[in-house]
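Work through the exercises below with the model open beside you. Try each task before reading its solution.

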Amino acid sequence: MKDEGDHMTDQKPFVDIRHAQKSYGTLEVLKDINLQVQKGQIVAIIGPSGSGKSTLLRAINDLDPLTGGEVWLEDKQINKNLPHRQYEKHINLVRQEIGMVFQHFNLFPHLTVRGNVTLAPKMLKGLSDVEANTLAEAQLDKVGMLERIDYYPSQLSGGQKQRVAIARALAMNPKVMLFDEATSALDPELVEEVNLVMKKLAEEHMTMIIVTHEMSFAESVCDRVLFMDQGVVVEEGPPEVMFRNPTSDRTKEFLRKHLAGQHP
Amino acid sequence: MQRVFPFFLEAAWITVLLSVLTTILGLIFGAIGASARMSRFALFRFLGAAYVSVFRGTPALIQLFILYFGGPQIGIQLDAFQAAVIGLGINAGAYMAETMRGAIIAIDKGQIEAARTVGLSRFQTMRYVVLPQAMRLMIRPLGVNINAMIKATALVAAISVVELTYTAQRFIGSTYKPFEMFLIAGVLYMIIIYITGQAVSWLDRKARIN
């Protein structure tokens, strides 16, 4: 803990979650969670289902607003309490800086791959068709989907859909990328192509917060791993410690069960 | 017999005209009603819900009578055709509002989340992500509403609009052939509905994604 305190004085956190608390009625799903992510850092959040990890991730762009605590991106508070119109204006701007990738891709089925990637840049950044196309081509090239630019989502495999979804998020040039179980809905043989894209982003020092069940991926890519259970961060640390030598019994138990499930 | 045909054709034209105008008005009222029911503001939601339940919860014939016969008492003077279009249009709008709302709420929440997380506003999300998908979903059920509404145009015979049903009744007196007269009207209704149905199917196929 001391180590981390020192770290914080060195550098202001890029994403700063302070005392995050979330309840649905009497059910408390997040209990006073603190998470600081430095620029360029890659943090994985692991834990059993219902542990609150997705809720925490979705609180970062206020998709699931917190009931207590604060979320900051650089020097801007994200979860502000503002009158409706002002809040909408504020959150629409903030969200442009935070890319999000969903478990079920959520591509727009009525638009082509090109349309999916260019929609937001055209609407929000005032890009012309030509500029938006150039941008889309660059982003799709990066995820290896350029040759499918005129396909519709229904014509793509799950892995391809997810790569397009990543390109769609990247097209807004976000400062942070949030991955909400990005590979959980994929057939096992399609997981790798998405992991490769995420690794590529990691090499480019994109700040990423990743909710995942892929322990080996988390271990190879992340700077830091958080283990959550029942709405609290049970343990956190660098992946080599978290996966090889965790201190908490709950972490050990989770990993034992999980790894057993992954490699029978 | 032959001398009644021109009258039936003219009456069929009136039924078509009524149907088209009522559909247009119904779509407009439906869109307003659906928007109201999904509004952020409780007052609009209440008004939308009230509109839907009043006009779906009472007979269209009573609504037409109130408008046409009762209207003058409260200063609304309409001729029979105007009353028919407005009355049926408002009635159809109540059904169409529910159809539209149903199609909109059927769109996966993930679509809205994906649009909002890239920074699109509520309006942009509706306009560019939800509605284009919902419109495709609502074509067929709106076709069902229109089908029901075309048949409901028969009611306006009761406020003496000279459409198919009225014309059939009118010639019973001179021909003494109610069977034939109503049969002619029925066949003409069926032709109108068949063509409408084909048009709806064509639209639906054309709008389908891929």
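Helices (H or I, at least four residues) and strands (E, at least two) are DSSP runs, numbered from the N terminus. Residues are numbered from 1 along each chain as its sequence is written, while chains are lettered from A and ligands numbered from 1 in the order in which they are written. This is a predicted model, where local features need pLDDT of at least 70, side-chain atom pairs count only at pLDDT 80 or more, and totals for chains, interfaces and linings use all residues; side-chain values use heavy atoms, with hydrogens and water left out.

**Exercise 1. Place B:D108 and classify its accessibility.**

Step 1. Find the segment. B:D108 sits in the loop between α4 (80–105) and α5 (109–117) of chain B.

Step 2. Apply the cut-offs: buried means under 20% relative accessible area, exposed over 50%, partly exposed in between (1.4 Å probe, protein chains only). B:D108 has 46% relative accessibility, so it counts as partly exposed.

Step 3. Add a distance. B:D108 and B:Q133 are 25 residues apart in sequence and 10.0 Å apart in space, C-alpha to C-alpha.

**Exercise 2. Describe the surroundings of strand β9 (residues 224–229) of chain A.**

Step 1. Check burial. Six of the six residues of β9(A) are buried, so the strand is largely enclosed by the rest of the structure.

Step 2. Split the faces. In a regular strand the side chains alternate between the two faces of the sheet. On one side lie A:R224, A:L226 and A:M228, on the other A:V225, A:F227 and A:D229, and all are buried.

Step 3. Find the partners. Two strands pair if DSSP finds at least two bridges between them. Strand β3 (residues 42–46) of chain A pairs with β9(A) in the parallel sense, over four bridges. Strand β10 (residues 232–237) of chain A runs antiparallel to β9(A), joined by five bridges.

Step 4. Match residues. A:V225 has A:A44 opposite it on the β3 side and A:G237 opposite it in β10(A).

Step 5. Inspect the turn. β9(A) and β10(A) form a hairpin with two residues between them. In that turn, A:Q230 has a positive phi of about 50 degrees.

**Exercise 3. Which residues does A:N195 contact, leaving aside its neighbours within four places in sequence?**

Step 1. Locate it. A:N195 belongs to helix α7 of chain A. A:N195 is buried, at 4% relative accessible area.

Step 2. List contacts (heavy atoms within 4.5 Å). They are A:T183, A:E214 and A:F217.

Step 3. Follow one partner. A:T183 lies in the loop between β7 (176–180) and α7 of chain A. A:T183 is buried too, at 8%. With neighbours within four places again left aside, A:T183 contacts A:V191, A:V194, A:N195 and A:E214.

**Exercise 4. Characterise the contact between chain B and chain A.**

Step 1. Count residues. Chain B gives 22 and chain A gives 25.

Step 2. Size the interface. Buried area is the accessible area (1.4 Å probe) that two parts lose on being put together, summed over both. The value is about 2100 Å², and carbon and sulfur atoms give 58% of it.

Step 3. Count salt bridges (a side-chain nitrogen of Lys or Arg within 4 Å of a carboxyl oxygen of Asp or Glu). There are two between the chains. A:E88 and B:R116 meet in a salt bridge at 2.7 Å, N to O.

Step 4. Assign elements. α5 and α6 (122–152) of chain B each supply at least two residues of the side that touches chain A.
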